[in-house]
Amino acid sequence: MNEYFHHHKQKASRGVPAPGPRRAAFSLLEVILAAAMLAVLFSIAGQMIVNMKRQTRLAERHSLALRTIENSMEELTATPWDKIDDAAIAALPLPEAVRRRWPDATLTGSVTPSSDPVEAKRISLSLSLSPEARSRPATLTTWIYRRPRD
C-alpha cells in the first residue's frame, strides 16, 4: 500500500513545482521580454535626442535671425527721418557671417508712413534664411515718430 500511495503522490504533483529551493535563473522568455523592452526604450530615447538636437538647431537659427534684424532695425532707425524708406531697407547689407552660412538669406521690409494722429513711420523687416517652406522668416516691426521741429 505504501507503494500505491507513493505512485499517486507523484501523479498528483505533475506540473506543480516540487517544494524546496527554487532556481535562481531567468527563463528565455524573461530575457527576450527584457531585451525587447530595452530596445523600445533605447529607440524612444534616440528619437528624443534627435528631436532635441533639431529643436536646438532651429532655436539657434531663429535667434541669429532675430539678432540680425534687430541690428538692421537699429541701423535703419538711426538714419535721418527723410531717408527712411523702402530703398533704405533694400540697401541694408546682410552681415558676412549670415551670407556665408545661408547664401540664400534675404532681408526684406517695408516702410509705411502715417500721419494720424502724429507723423510716424511703421517699419517692418523680415529675414528669411532659406527658401524652405518649413522655416518661417523672422519678422520685426516698429514705429518711429518724427521729432517735433524746434
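## Exercises on a three-strand sheet

The open sheet here has three strands in the order β1-β2-β3, paired in the antiparallel sense. The model is a predicted one, and the exercises below walk through it step by step.

**Exercise 1.** Work out which strands stand at the edges of the sheet, each with a single partner strand.

*Solution.* Start from the order, β1-β2-β3. β1 (106–114) and β3 (138–145) each have a single partner strand, so one side of each is left without a neighbour in the sheet. These two strands therefore stand at the edges. From one strand to the next, the twist averages 15 degrees.

**Exercise 2.** Describe how β2 pairs with β1 and with β3.

*Solution.* Take β1 and β2 to begin with: they form a hairpin, with five residues between them. Their antiparallel pairing runs over nine bridges, and Pro113 stands opposite Lys121 in β2. Now turn to the other pair. β2, residues 120–128, joins β3 in the antiparallel sense over eight bridges. Here Ser124 has Thr141 in β3 as its bridge partner.

**Exercise 3.** Find Ser126 and decide whether Ser126 is buried or exposed.

*Solution.* Step one is the place: Ser126 belongs to strand β2. Step two is the accessibility. The relative value for Ser126 is 17%, and buried means under 20%, so Ser126 counts as buried. Step three is the surroundings. Leaving aside neighbours within four places in sequence, Ser126 is in contact with Ile69, Thr106, Leu107, Thr108, Pro137, Ala138 and Thr139.

**Exercise 4.** Say which strands helix α2 lies across, and at what angle α2 runs to β3.

*Solution.* Helix α2 covers residues 28–77 and lies across β1, β2 and β3. Its direction is at about 20 degrees to β3.

**Exercise 5.** Place Asp85 and follow what its side chain reaches.

*Solution.* Asp85 is found in the loop between α2 and α3 (86–90). With 34% relative accessibility, Asp85 counts as partly exposed, since that class lies between the limits of 20% and 50%. The Asp85 side chain reaches the backbone nitrogen of Ala88 at 2.9 Å. Along the chain, Asp85 and Val111 are 26 residues apart, yet their C-alpha atoms are separated by 5.4 Å.

**Exercise 6.** Find what sits over the ring of Trp81, and how many aromatic pairs there are.

*Solution.* The charged end of Lys121 sits over the Trp81 ring, 4.7 Å from its centre. Lys121 is also the residue in β2 that Pro113 stands opposite. As for aromatic pairs, with ring centres required to lie within 6.5 Å, the count is zero.

Notes. Residues numbered from 1 in each chain as written. Predicted model: local features only at pLDDT ≥ 70, side-chain atom pairs only at ≥ 80, totals over all residues. Heavy atoms only, no water. Pairing = 2+ DSSP bridges. Helix = DSSP H or I, 4+ residues; strand = E, 2+ residues; numbered from the N terminus. Axes fitted to C-alpha atoms, helices over the stretch in contact; angles between N-to-C directions. Contact = heavy atoms within 4.5 Å. Buried < 20%, exposed > 50% of the residue type's maximum accessible area, 1.4 Å probe, protein only. Polar contact = N/O pair within 3.5 Å; in protein donor to acceptor, adjacent residues only side chain to side chain. Phe/Tyr/Trp six-rings, centres within 6.5 Å; stacked < 30°, edge-to-face > 60°. Lys NZ or Arg CZ within 6 Å of the ring centre and 35° of its normal.
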